[in-house]
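User: Please take a close look at the ligand site and then follow the chain outward from it. I should like one connected account rather than a list.

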Amino acid sequence: MSARTPFVVANWKMNKTATEAEAFVAGFRGLLPAPPPGVDLAIAPPFPALERTGRALAGSGVGLAAQDVHAEQKGAYTGEVAASMLADLGVAFCLVGHSERRRDRHETEEQFARKMKRLVEAGIAPLYCVGETLEQRDRGETDAVLADQLTALDLFGPDLPPGFVLAYEPVWAIGTGRAATPEMAQAAHRHLRTLLSRRAGAVAAEAVRVLYGGSVTPANARELFSQPDIDGGLVGGASLNPADFAALAEAAAAATAAPGS
Ligand code: PGA
C-alpha cells in the first residue's frame, strides 16, 4: 500500500462570500467532525473568505489553502496578494498554475516557479497544477506538455519544494462533467511520477502526492482515488456542498482501505 496520505482539496474558485463559507464549514463539521483517519483535507476559498474560513476551521483538522499568490514578496502590485499575507492567516497550502489562471492570465512556468519560491519562503506548501488541453491530447502531446509544465520546478534544482503537491487536471475535464477515466488519469499520474523521479530521484518522487482534478464527484471519486498513483483530488464544483465534500473525504478513506475495489 502507498505510504502517501490521500489528500482532498476543495477549490472553491470564485464562489462563496465569507458568510457563505462560514455556513459551509458549520454544515461540514456537523457531517464530519474530523477528517476520516488517514485522510488529509483542505479548503481553498477566495481571498476575502480566507480569514473567516480559517477561524471556522480551527480545531477541525481541515487545512486552509489559497488559490493563488503573487510572484514578488511585496511592493507596488495593486490588487495582488503576497505569500507572507497568506501565511499570516494560517494558510498552509496554495494553488499555483491552475489552468483557469494559465488561460486568463497567460502566466508562464517562470512565474509559477517564482510563486512557488515565495510560498516556500513563507512556509506554505505549493500545490502545482498541470494538465493538457483537448487539442494537445488529440495531437498526442500530453506527455510533452506535462514535462514542459514541470519546468517550473527547475528553479529548485534537484530538490522538490518542501511539502510539494502536484495536481493533474486535464483542461478538458474541468467543470465539464467529463472526468478522465481512471485508466487515463493513472497513466498521466504515472508519467508525472516518472518525470519527478528524473528530477528528484525515485524516493522523493514516490513520496509526492499527485492529486487528480476535473469533474470529480462523489460517484466517481472512489474509483479514481483507488488508482495506484492517484493520491486524492482537487475538486471544484463538487466541493461547494458540505455533503458532497464529506462524501469525497469518505471516498478517499475507502479507496485507501481497499484500493482497486
Ligand atoms: P471541477 O474543477 O471539479 O469543477 O471540474 C476542478 C478544478 O478546476 O480544480
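Analyst: The account below begins at the ligand and proceeds to the neighbouring loop and the helices.

The model is predicted, so local features are given only at pLDDT of at least 70 and side-chain atom pairs only at pLDDT 80 or more, whereas totals for chains, interfaces and linings use all residues. Residues are numbered from 1 along each chain as its sequence is written, and side-chain values use heavy atoms, with hydrogens and water left out.

The ligand is surrounded by 13 residues (each with a heavy atom within 4 Å of the ligand). Lys13, His98, Glu169, Gly175 and Ser215 are the closest. By class, this shell comprises seven polar, four nonpolar and two charged residues (Ala, Val, Leu, Ile, Met, Phe, Trp, Tyr, Cys and Pro count as nonpolar, Asp, Glu, Lys and Arg as charged, and the others, Gly among them, as polar). Polar contacts here are pairs of N or O atoms within 3.5 Å; within protein, one atom must be able to donate a hydrogen and the other to accept it, and residues adjacent in sequence count only if both atoms are side-chain atoms. His98 places a polar side-chain atom 2.7 Å from an oxygen atom of the ligand, and Glu169 also has a polar side-chain atom 2.7 Å from a ligand oxygen. For Asn11, an N or O atom of the side chain is 3.3 Å from a ligand oxygen. Of the 280 Å² of accessible area that the ligand has on its own, the protein covers 95% (Shrake-Rupley method with a 1.4 Å probe; for residues, only the protein chains shown count as cover).

Lys13 belongs to the loop between β1 (7-11) and α1 (helices, H or I of at least four residues, and strands, E of at least two, are DSSP runs numbered from the N terminus). Its phi is near 55°, a positive value in a residue other than glycine. Lys16 lies in the loop between β1 and α1 and has a positive phi near 85°. Lys13 is partly exposed at 22% relative accessible area, and Lys16 is partly exposed at 22% (buried is under 20%, exposed over 50%, partly exposed in between, with a 1.4 Å probe and protein chains only).

The helix α1 (18-31) is among the elements that cover the buried residues of α2, together with β2 (40-44), β3 (62-66) and α3 (83-88). In α2 (residues 50-57), the buried residues are Leu50, Thr53 and Leu57. They lie on the same side of α2 because their arc around the axis is only 70° (taken from the directions from the helix axis to the C-beta atoms). Just after α2, Gly59 has a positive phi of about 80°.

Helix α7 (residues 142-149) buries Thr142, Val145, Leu146 and Gln149. An arc of only 95° puts them on the same side of α7. Their packing partners are α4 (99-105), α5 (109-121), β5 (125-130), α6 (134-138), β6 (165-168) and α8 (182-200). Gln149 has 8% relative accessibility; beyond its neighbours within four places in sequence, it is in contact with Arg102, Glu109, Tyr128, Val130 and Gly131 (heavy atoms within 4.5 Å). The Gln149 side chain reaches the backbone nitrogen of Gly131 at 2.9 Å. The C-alpha atoms of Gln149 and Gly97 are separated by 9.0 Å, although these residues are 52 apart along the chain.

Helix α5 contains Lys115, which is buried at 4% relative accessibility. Not counting residues up to four places away in sequence, Lys115 touches Asp68, Val69, His70, Ala71, Val96 and Glu107.
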